[in-house]
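Biologist: Before we discuss particular contacts, could the structure be placed in front of us? I should then like to go through its charged pairs, its surface and its helix packing in turn.

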Amino acid sequence: MDASAHSATDTHAKSMTGADIVVSCLNEEKVKFVFGYPGGAVLHIYDALYKQNGFKHILVRHEQAAVHAADAYSRATGDVGVALVTSGPGATNAVTGIATAYMDSIPLVVISGQVPVPAIGMDAFQEVDMVGVTRPCVKHNFLVKHVKDIAPTIKKAFFIAKTGRPGPVVVDIPKDITAHVADFIYPKTVEMRSYNPILKGHSGQIKKAVKLLLSAKRPMIYTGGGLVLGNGAAELVKLAKALNFPVTNTLMGLGGYPATDKQFVGMLGMHGTYEANMAMQHCDVLLAVGARFDDRVIGNPKHFGGQKRTIIHIDVDPSSISKRVKVDVPIVGDVQSVLSDMNEILAQEENQTTDTADWWSQINEWRGIQSLDYVYSDSVIKPQYVVQKLWEVTKGEAYVTSDVGQHQMWAAQYYKFDKPRRWINSGGLGTMGVGLPYAMGCQFADKHAQVACITGEGSIQMNIQELSTCAQYGLPIKVILLNNRYLGMVRQWQEFFYENRYSESYMDSLPDFVKLAESYGHVGMRITNPADVEGALKEAFDRKDKFVFMDFLTDQTENVFPMVENGKGLSEMVLSPNTASRLKGEE
Amino acid sequence: MRHIISLLMENEAGALSRVAGLFSARGYNIESLTVAVTEDPTLSRMTIVTTGSDDVIEQIIKQLNKLIDVVKVLDLNDGKHIERELMLVKVKATGVFKDEMKRMCDIFRGRIIDVADNSYTIELTGSCSKLDAFIEAIDRSAILETVRTGASGIGRGDRILKV
């Protein structure tokens, strides 16, 4: 291990315990926050962090929330998120957070305590094989067995987490190792013969791609989470503007292109807009950037492949290319670097655009269908209306986190994200319970920012204990609970596909969320009247220093539209009854 | 189609489980997997025999390359290569089988490496299909026990997998 990690030139190495080395490494990495929860195996580390004042430790109420908060901190800032948990149950509690980050390619370093080396394999108290448990849901993991390996391992962990396609890295450290003493030398660089991500795109492929884009009659740009994580949004905007091409974002990619721009056709996929899905299906040249054609995005791959189109795919991860859909021009590289090269090549072209007038008039016709239209009611609060008003009240500037379900889709459809790293949700794993810890991570990332957590009464209860953490650190988060007393997305599928048999999707015995929030010292509000929605949101966001829990009682029967049903093609959307009947009337 | 994939990886604890875990998690087939340290003690060499369509094999190679510990991956089927597998077979060596087994062993260029009162243990090396052919050729009722190593593969001539 130390053979491949270059030693620092510093000859005044200080002798210290493994625990102090862990803490010093985190400070060398300029970590600002460590989200964690103490326990037996990490007591030495907790003692060491007590004695330092580099990073701040944030005490959560459950290890899952520690990892989610670190994950959101990373999504909001672009820095590596750090979590610290104890062995056994602390480690297994962290696994959902790690898997969530893995699916969305979020760079994390998770340090877990382990039983002392001689106790490993003895079924010791609070022992679990953390390296084995997390192997399928980490980018990489390490078990450190010697105190001298701590520093080079943590250096590698940060390097692996943030380079290439980012992801979580677990460093499992036995307790006795943190008590042993070694000289502390933090390696300045890392070199690994087995790990060299490709950053620069192949110039021939890039030239070919630009030529193809300029030959397109019906072009389309489709970007995902990779564009946001790879900080490529500015270059993409430049390219899309120069070409005047339509742009769609995946759920993970929202904010990668400004949603209020006229070239933006909305999110695509299972609950994408009509125009985005139709344009995706019918385009002749598709530029995919940091996206992976997943099942929720393109629907049935056979149906998608049934339409002929030329696909250019930029991704830092070669294994994401031609995985679900065969690609014509693969470009492996860092999205920012490749897009910047594309912009340069485009600038040298004689004709820097292509005639897309017919294509745009077709798209505008699709747009005219207004697939996100819904019927406002003055007697019951429509969830879509709450999100629209939230966007207005926060002027589109808030960090918005969501949990998983209907409210997540409405948040994605109706909050117009103009900037990257503002929309924080669990797209890949679809983890209920991320919303509140995600909001915590965002608020630590930017303490003056407006942070809204759009959630449901099912999801919020999966990490409701974090109301206590929010109180401890005075986080002025605004929880926007769209409370329909149902596990809404489950109910919607049961309505559509199980003949209204609402098996276990109704939630009885909900707490009084207002009183619950108040019991932690927060402000609680219950809003039942549509006329009060805007005023209540304004009042909540005016309370800049308070955590406000807003319980919106919403329409229990509202469904998310459009919808591409499981196994169906992207252009086979079911429109809302309202849209469908309006179209019928127009015929 | 059957492919033989060779790879070099860091000789570290858990490296084998990362490869095996990848195959099971993504539903890829493993017909055999052999691994041992190379002349460079920091490196392990692994040979994996798998089956799949071209698309699946392409994904397998990419996913193997994505593992942090994997240094190099080579699909031996991309060029000329040799594969060898070792099999030990314990067979009955009583009555008619006594001569029969000796003769079959000679035909397949095997060696009898252990002789007991009632049995021979035969060592046989060759391609997987040669070993299969031997099993097919002898009387099934004579087989007491078999153990196979799985294939090891290497490129012919200048095709070298090295760091």
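**Charged pairs, surface and packing**

Modeller: In this predicted model, Lys538(A) is partly exposed, with a relative accessible area of 43%.

Biologist: With which residue does Lys538(A) form a salt bridge, and what separates the closest N and O atoms?

Modeller: Lys538(A) and its partner both belong to helix H23 of chain A, 4 residues apart, and are thus separated by about one helical turn. The partner, Glu534(A), is itself partly exposed, at 26% relative accessible area. The closest N and O atoms of Lys538(A) and Glu534(A) are 3.5 Å apart.

Biologist: Which parts of chain A does the salt bridge between Glu534(A) and Lys389(A) tie together, and how many residues apart are they in sequence?

Modeller: The side chains of Glu534(A) and Lys389(A) meet with an N to O distance of 3.4 Å. Glu534(A) lies in helix H23 (residues 533-542) and Lys389(A) in helix H16 (residues 383-393), so the salt bridge ties together parts of chain A whose separation in sequence is 145 residues.

Biologist: Is Lys389(A) buried or exposed?

Modeller: The relative accessible area of Lys389(A) is 12%. The cut-off for a buried residue is under 20%. Lys389(A) is therefore classed as buried.

Biologist: Turning to chain B, which strands are tied together by the pair Glu83(B) and Arg2(B)?

Modeller: A salt bridge of 3.0 Å, N to O, joins the side chains of Glu83(B) and Arg2(B). Glu83(B) is in residues 81-92 and Arg2(B) in residues 2-10, so parts 81 residues apart in sequence are tied together: strands S5 and S1 of chain B.

Biologist: What are the relative accessibilities of Glu83(B) and Arg2(B)?

Modeller: Glu83(B) counts as buried, at 13% relative accessibility. Arg2(B) counts as partly exposed, and its value is 30%.

Biologist: Which residues are joined with Lys326(A) into one network of salt bridges?

Modeller: The network arises from salt bridges that share partners. In general, side chains of opposite charge can pair when their charged atoms come close. The residues joined with Lys326(A) are Asp55(B), Glu58(B) and Lys62(B).

Biologist: How many salt bridges does a search of the whole structure find?

Modeller: The search takes in every chain. A pair counts when a side-chain nitrogen of Lys or Arg is within 4 Å of a carboxyl oxygen of Asp or Glu. Over all chains, the total is 38.

Biologist: What accessible area does the nonpolar surface patch containing Leu86(B) have?

Modeller: Leu86(B) is located in strand S5 of chain B and is partly exposed, with a relative accessible area of 31%. The patch consists of Leu86(B), Leu88(B), Ile113(B) and Val147(B), and their accessible area together is about 290 Å².

Biologist: How are H1(A) and H6(A) oriented with respect to one another?

Modeller: The axes of helix H1 (residues 18-28) and helix H6 (residues 150-162) of chain A come within 9 Å and cross at roughly 30 degrees. Angles under 35 degrees count as roughly parallel. H1(A) and H6(A) are therefore roughly parallel.

Biologist: What is the handedness of the crossing of H3(A) and H4(A)?

Modeller: Helix H3 (residues 63-77) and helix H4 (residues 89-103) of chain A pack with axes 7 Å apart, at an angle of about 30 degrees. This makes H3(A) roughly parallel to H4(A). The crossing of H3(A) and H4(A) is right-handed.

Key:
Residues numbered from 1 in each chain as written. Chains lettered and ligands numbered in written order. Predicted model: local features only at pLDDT ≥ 70, side-chain atom pairs only at ≥ 80, totals over all residues. Heavy atoms only, no water. Helix = DSSP H or I, 4+ residues; strand = E, 2+ residues; numbered from the N terminus. Buried < 20%, exposed > 50% of the residue type's maximum accessible area, 1.4 Å probe, protein only. Patch = residues over 30% accessible without salt bridge, like charges linked within 9 Å, V, L, I, M, F, W, Y side chains within 5 Å. Areas by Shrake-Rupley, 256 points an atom, 1.4 Å probe, with all protein chains shown as cover. Axes fitted to C-alpha atoms, helices over the stretch in contact; angles between N-to-C directions. Parallel < 35°, antiparallel > 145°, perpendicular 65-115°, else oblique. Left-handed = near helix turned anticlockwise from the far one by under 90°.
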